[in-house]
Amino acid sequence: MSFNKNLFTFPAELFYTKNHEWLLVDENVVTFGITEFATFKMGEILYVDLPDEGDRISVDSSYGTIESVKNIMDFIGPFSGTVLELNSRLVEDPSIINDDPYGEGWLFIAELESEKDLMSFLRHSDYKAFLG
């Protein structure tokens, strides 16, 4: 699939993973979602299975999925922490993620256990370079 990475948004204030997820970090609180590039690759998102509030996420452990017309993406923990809040609007209308991945399409908010986990994330310029 050919694409022009310059057509995608990479907000500078966010961290990114190589799995095409974004994180907005405010001290030890992380808002988590998938990137605009991920929505491009996946197509129309049909279903999201997220952890419950109070669930613990661990680095490299599976904790949910997102399903689209093209693909199923497993969420693998990019950090360790506890889920504080889910974006409940996504249950009824997961297409919000396609429409506004960096805004109303956020997935959940979690409390980060260790700031050391931030060291594995990419900044926007590094993520853009990672895409090729």
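Begin by selecting Leu46, Tyr47 and Val69, which together make a nonpolar surface patch of about 300 Å². Keep in mind as you look around that the model on your screen is a predicted one.

Now keep Tyr47 selected on its own, and ask how far this residue is covered: does Tyr47 count as buried, partly exposed or exposed? Its relative accessibility is 42%, and because buried means under 20% and exposed means over 50%, Tyr47 counts as partly exposed. If you then widen the selection to residues 45-49, you will have strand S4, the strand in which Tyr47 is found.

Next, colour the protein chain by secondary structure and follow it from one element to the next. How many helices and strands are there in the protein chain? There are four helices and nine strands, and when they are read along the sequence they follow the pattern β-β-β-α-β-β-β-β-β-α-α-β-α. The radius of gyration of the protein chain is 14 Å, close to the 14 Å that the globule rule gives for 132 residues, so the chain is as compact as a globular protein of that length.

Then show the C-alpha trace alone and turn it slowly: along its principal axes the trace spans about 40 × 35 × 25 Å.

Finally, select the whole protein chain and show its surface. The accessible surface comes to about 7000 Å², and 47% of that surface belongs to carbon and sulfur atoms, while 45% of the 132 residues count as buried. As for the contacts in the protein chain between residues at least 6 apart in sequence, 62% of them join residues that are at least 24 apart.

How values were computed. Residues are numbered from 1 along each chain as its sequence is written. This is a predicted model: local features need pLDDT of at least 70, side-chain atom pairs count only at pLDDT 80 or more; totals for chains, interfaces and linings use all residues. Side-chain values use heavy atoms; hydrogens and water are left out. Patches are made of residues with over 30% relative accessible area and no salt bridge: like charges are joined within 9 Å, nonpolar side chains (Val, Leu, Ile, Met, Phe, Trp, Tyr) within 5 Å. Accessible areas come from the Shrake-Rupley method with a 1.4 Å probe; for residues, only the protein chains shown count as cover. A salt bridge is a side-chain nitrogen of Lys or Arg within 4 Å of a carboxyl oxygen of Asp or Glu. Helices (H or I, at least four residues) and strands (E, at least two) are DSSP runs, numbered from the N terminus. Buried means under 20% relative accessible area, exposed over 50%, partly exposed in between (1.4 Å probe, protein chains only). The radius of gyration is taken over C-alpha atoms; the globule rule is 2.2 Å times the number of residues to the power 0.38. Contact means heavy atoms within 4.5 Å.
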